[in-house]
Amino acid sequence: MNILIICRANSCRSQMAEAFLKKMDPTLNVESVGTEPAPSVHPLTIKVMAEIGFDISGWNTKNVADFIHLDWDFVITVCDIARNACPVFTGNVKESLFFKFTDPLAYEGSDEFLLELIRRTRDHIKDEFEDFYRHFVSCSI
């Protein structure tokens, strides 16, 4: 099963969602991409994922344009900006979904303040993608 997760910068939310889905089911082909990819995964994203046993320190951001011609069982957008900027996919997309998560990196503040926002977002993403897996993926396999 092929799953594409899209957000604007691909530096936080989509990276976390990819990590959770890959952990839930290593047989899935999961990619996360951005409509305007940041130069790298945000260091605080790497930190909060490491807190719960996920090492994404070697991961890179990717551009959605490199994936629009491929076939996807699910294309999941996780922010409004990406949803509005999403390109038309020329590959086969069986189902498109939208899960809205607040961008914790859109706020300014101390690292501790941002870490708390990212942790809350991480936990929300984990819960939503566990539900997604239970309701959509495990029933399809």
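What covers the buried residues of helix 2? Helix 1 and helix 4 are among the elements that do. Keep that answer in view as you go; the model on screen is a predicted one.

**Stop 1: helix 2**

Select helix 2, residues 43–51. Show the side chains of L44, T45, V48 and M49, the buried residues of this helix. They sit on the same side of helix 2, because they cover an arc of only 135° around its axis. Now turn on helix 1 (13–24) and helix 4 (111–137). Both belong to what covers that buried side chain set of helix 2.

Centre on T45, in helix 2. Its relative accessibility is 0%, so T45 counts as buried. Leave out residues up to four places away in sequence, and T45 touches S11, C12, M16, I56, L105 and I118.

Before leaving, step past the end of the helix. G53 follows helix 2, and its phi is positive, near 90°.

**Stop 2: helix 4**

Select helix 4 next. Its buried residues are L114, L115, L117, I118, R119, T121, R122, I125, F129, F132, Y133 and V137. Note that R119 and R122 are on that list. I118, one of the contacts of T45, is on the list too.

Which elements do the buried residues of helix 4 pack against? Show strand 1 (2–7), helix 1, helix 2, strand 3 (72–77) and strand 4.

**Stop 3: the aromatic cluster**

Stay on helix 4 and pick F129. Add F74, F99, F101, F132 and F136: with F129 they form one aromatic cluster. The model has nine aromatic pairs in total. Take F99 with F129: the pair is edge-to-face, 5.3 Å centre to centre, with 75° between the planes. This pair links distant parts of the chain. F99 lies in the loop between strand 4 (93–98) and helix 4, while F129 is in helix 4, 30 residues apart. Both F99 and F129 are buried.

Now swap F99 for F132. F129 and F132 are also edge-to-face, at 6.0 Å centre to centre and 70° between the planes. Here the two partners share helix 4, three residues apart, about one turn of the helix. An α-helix has 3.6 residues a turn, so residues three or four places apart point the same way. F132 is buried, as F129 is.

**Stop 4: the largest nonpolar core**

Colour I3, I5, M16, L21, I76, F129 and F132. Of the 33 residues in the largest nonpolar core, these touch the most other members. Strand 1, helix 1, helix 2, strand 3 and helix 4 are the elements that give two or more residues to this core. Helix 4 gives the most, with nine residues.

Centre on I5. Leave aside its neighbours within four places in sequence. I5 is then in contact with S14, A17, E18, L21, V30, E31, S32, V33, I76, V78 and F129. Among these contacts are L21, I76 and F129, which also appear among the core members that touch the most others.

A second core is separate and has eight residues, including I6, V64, W72 and V75. Colour those four to tell the two cores apart.

**Stop 5: L21**

Go to L21, in helix 1. Is L21 buried or exposed? L21 counts as buried because its relative accessibility is 0%. Beyond its neighbours within four places in sequence, L21 is in contact with I3, I5, L28, V30, F129, F132 and Y133. F129 and F132, the edge-to-face pair in helix 4, are thus back in view.

Use L21 as a marker for the next jump. C7 is 14 residues away from L21 in sequence, and 16 Å away in space, C-alpha to C-alpha.

**Stop 6: the cysteines**

Select C7 and C79. How many disulfides are there? The count is zero. For C7, the closest cysteine sulfur is that of C79, at 5.4 Å, so it is too far for a bond. A disulfide needs the two sulfur atoms within 2.5 Å. Seen from C79, the closest cysteine sulfur is in C7. C7 is buried, with a relative accessible area of 2%. C79 is buried as well, at 4%.

**Last stop: a charge over a ring**

Finish on W59 and K22. The charged end of K22 sits over the ring of W59, 5.1 Å from the centre of that ring.

Conventions:
Residues numbered from 1 in each chain as written. Predicted model: local features only at pLDDT ≥ 70, side-chain atom pairs only at ≥ 80, totals over all residues. Heavy atoms only, no water. Phe/Tyr/Trp six-rings, centres within 6.5 Å; stacked < 30°, edge-to-face > 60°. Helix = DSSP H or I, 4+ residues; strand = E, 2+ residues; numbered from the N terminus. Buried < 20%, exposed > 50% of the residue type's maximum accessible area, 1.4 Å probe, protein only. Lys NZ or Arg CZ within 6 Å of the ring centre and 35° of its normal. Contact = heavy atoms within 4.5 Å. Arc of directions from axis to C-beta. Core = buried A, V, L, I, M, F, W, Y, C linked by side-chain atoms within 4.5 Å.
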